[in-house]
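Biologist: I've got a fold to look over and a few things I'd like to ask about it. Could you pull it up so we can go through it together?

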Amino acid sequence: MSHDKAIVRKQVERIDGVTKAWFEWIYDEGELLKVLVVEVSFDTDPNSLHFRRSVIDAIVDTAETAFEEETTMVVSHLRIVPPP
């Protein structure tokens, strides 16, 4: 049994400011949707002094590239969340 992570998770977790990534599932109107959730180490409020737009952009760019070029995985949504 493999305990390896999906390529996209490995890649976004390498970004400075990302603490971890995982998948969640949403059942919506008869469809099961896969969501990539990325937790960051900073406040996601754009008005915060600690907000890091460059990390948000890097997450989006990395995920898009991984989905387009490195995997056939289909993900319906990308969520970026602050630390608990």
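Modeller: Sure. Helices here are DSSP runs of H or I with at least four residues, strands are E runs with at least two, and both are numbered from the N terminus. Keep in mind that this is a predicted model.

Biologist: Good. What pattern does the protein chain follow, read along the sequence?

Modeller: The protein chain has two helices and three strands. Taken in sequence order, they give the pattern α-β-β-α-β.

Biologist: Before I trust any of that, which element of the protein chain has the lowest mean pLDDT?

Modeller: Overall the chain averages a pLDDT of 93, and 96% of the residues score at least 70. Among the elements, strand β3 (residues 77-81) has the highest mean, at 97. The lowest mean is 94, and it belongs to helix α2 (residues 53-70).

Biologist: Okay, on to the sheet. In what sense do β1 and β2 pair, parallel or antiparallel?

Modeller: Strand β1 covers residues 18-28, and β2 covers residues 31-40. The hairpin they form has two residues between the strands, and F23 stands opposite L36 in β2. Over ten bridges, the sense of the β1 and β2 pairing is antiparallel.

Biologist: And what is the handedness of the β-α-β crossover, right or left?

Modeller: β2 also pairs with β3, this time in the parallel sense over five bridges. One of the partnerships there joins V35 to H77 in β3. The chain goes from β2 through α2 to β3, and that crossover is right-handed.

Biologist: How many of the ten residues in β2 are buried?

Modeller: For background, buried residues make up 30% of the 84 residues in the protein chain. Strand β2 is mostly covered, and its buried count is eight.

Biologist: Something odd turns up in the hairpin. Which residue takes a positive phi there?

Modeller: Most residues other than glycine have a negative phi. In the hairpin of β1 and β2, though, one residue has a phi near 50°. That is a positive value in a residue other than glycine, and the residue sits in the loop between β1 and β2, exposed with a relative accessible area of 77%. The residue is E29.

Biologist: Let's talk charges. Which residue forms a salt bridge with D16?

Modeller: The whole structure has five salt bridges, and in this one the closest N and O atoms are 3.2 Å apart. D16 lies in the loop between α1 and β1 and its partner in the loop between β2 and α2, so the pair ties together parts that are 36 residues apart in sequence. D16 counts as exposed at 59% relative accessibility, while the partner counts as partly exposed at 28%. That partner is R52.

Biologist: What separates R53 and D57 within helix α2?

Modeller: Their side chains meet in a salt bridge at 2.9 Å, N to O. R53 is exposed, with a relative accessible area of 51%, whereas D57 is partly exposed at 32%. The two are four residues apart in α2, so what separates them is about one helical turn.

Biologist: Which side chain meets D4 in a salt bridge?

Modeller: The N to O distance in that pair is 3.1 Å. D4 is exposed, with a relative accessible area of 55%. Its partner counts as partly exposed at 30% relative accessibility, and that partner is K10.

Biologist: R9 caught my eye too. How far away is the nearest side chain of opposite charge?

Modeller: R9 is found in helix α1 (residues 7-13). Leaving aside neighbours within four places in sequence, R9 is in contact with A21, W22, F23 and L36. R9 is buried yet has no salt bridge. The nearest side chain of opposite charge is E13, and its distance is 4.0 Å.

Biologist: Last one. Among contacts between residues at least 6 apart in sequence, what share joins residues at least 24 apart?

Modeller: The C-alpha trace of the protein chain spans about 40 × 30 × 25 Å along its principal axes. Of the contacts you describe, the share joining residues at least 24 apart is 52%.

Conventions: Residues numbered from 1 in each chain as written. Predicted model: local features only at pLDDT ≥ 70, side-chain atom pairs only at ≥ 80, totals over all residues. Heavy atoms only, no water. Buried < 20%, exposed > 50% of the residue type's maximum accessible area, 1.4 Å probe, protein only. Lys, Arg positive; Asp, Glu negative; His and termini not counted. Contact = heavy atoms within 4.5 Å. pLDDT = per-residue confidence, 0-100. Pairing = 2+ DSSP bridges. Right-handed = clockwise from strand over helix to strand, strands pointing away.
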